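Visitor: I would like a close look at a single part of this structure, the sheet, and at what surrounds it. Could you take me through it slowly?

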Amino acid sequence: RSGALNSMEPKQRQAESSKVSKSVDCLVPSSNSPVTEQSPGGSHHNPKRQDKAPYARRKINPIRPSQAINDIYINRKTDFSTQLARSHKLLDQGCTELNIHGLGAAIHRAINLALQLRETCSVPMEISASTCTVDLQDEMEPLDDEGDYSMESRTCSAIHIKLYQTTPSTVKSAEKTTS
């Protein structure tokens with residue numbers, strides 16, 4: 001790289017060398033830049049907490065708004081093919097509407113499930129989706145005797161997908177109103 005700098009004009013050389021030094025400055029912390037403290041557990045120190053005791057975060061399951069038979073809550077632990085088979089079973093039993101709920105990292109899986117169901121179902125299906133932000137609570141458990149138990153709140157994205165059957169007459173009337 002230094003050989004390439006020597007063959008350049010002085011202004012280009014100065015601009016190129018400043019680019020190199022800027023990229024190096026980002027990697028090496030300067031003496032005036034703040035350094036984040038780490039707890040013995042390896043996680044970054046939370047500036048909201050005044051004490052220095054290390055904590056373990058225990059995530060509390062969110063409250064489910066409803067538990068109807070046609071509600072499917074998607075998570076990352078259950079095998080996708082099992083969730084797809086359960087959804088097909090509900091549709092085969094005569095259920096005309098499914099409500100698919102995904103939270104956080106399971107949002108992509110919920111969308112994929114809805115699209116797979118629409119593609120593989122024998123009757124025409126429509127999809128209606130809405131997103132929201134859910135408030136979640138975590139219990140902060142101290143790892144030593146010096147700390148106190150506390151609760152912390154955080155937010156997480158969620159999706160609610162309504163998958164419902166459409167009849168041919170509904171599709172035709174929708175096409176007439178859009179024309």
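**A close look at the sheet**

Guide: The chain of this predicted model holds five helices and five strands. Read from the N terminus, these elements follow one another as α-α-β-β-α-β-α-β-β-α, and it helps to keep that succession in mind when we turn to the sheet, where the strands are arranged in the order β1-β4-β5-β3-β2. The sheet is open, it has five strands, and its pairing is mixed. Its edges are formed by β1, residues 55–59, and β2, residues 71–74, and because each of these has a single partner strand, one side of each is left without a neighbour in the sheet. On average, and with direction ignored, neighbouring strands of this sheet are turned by 25° against each other.

Let us now walk across from the edge at β1. This strand runs antiparallel to β4, and five bridges join the two; within this pairing, Arg58 has Glu139 in β4 as its bridge partner. The next step leads from β4 to β5, which again run antiparallel, here joined by 16 bridges. In this pair Met140 stands opposite Ser150, a residue of β5. In a regular strand, side chains alternate between the two faces of the sheet.

At the other edge, the sense of the pairing is parallel: β2 and β3, the latter spanning residues 97–103, pair in this way over four bridges. Here Ile74 is found opposite Gly102 in β3.

Two helices that pack on the sheet complete this part of the picture. Helix α3, made of residues 80–92, touches β2, β3, β4 (125–142) and β5 (150–165), and its direction makes about 175° with that of β2. Helix α4, made of residues 107–120, also packs on the sheet and touches β2, β3, β4 and β5, while its direction makes about 10° with that of β5.

Finally, we can step back from the sheet to the chain as a whole. Among its contacts between residues at least 6 apart in sequence, 68% join residues that are at least 24 apart. Of the 179 residues in the chain, 26% are buried, if we call a residue buried when its relative accessible area is under 20%. The chain exposes about 13,100 Å², and carbon and sulfur atoms supply 52% of that area.

Terms used: Residues numbered from 1 in each chain as written. Predicted model: local features only at pLDDT ≥ 70, side-chain atom pairs only at ≥ 80, totals over all residues. Heavy atoms only, no water. Pairing = 2+ DSSP bridges. Axes fitted to C-alpha atoms, helices over the stretch in contact; angles between N-to-C directions. Contact = heavy atoms within 4.5 Å. Buried < 20%, exposed > 50% of the residue type's maximum accessible area, 1.4 Å probe, protein only. Areas by Shrake-Rupley, 256 points an atom, 1.4 Å probe, with all protein chains shown as cover.
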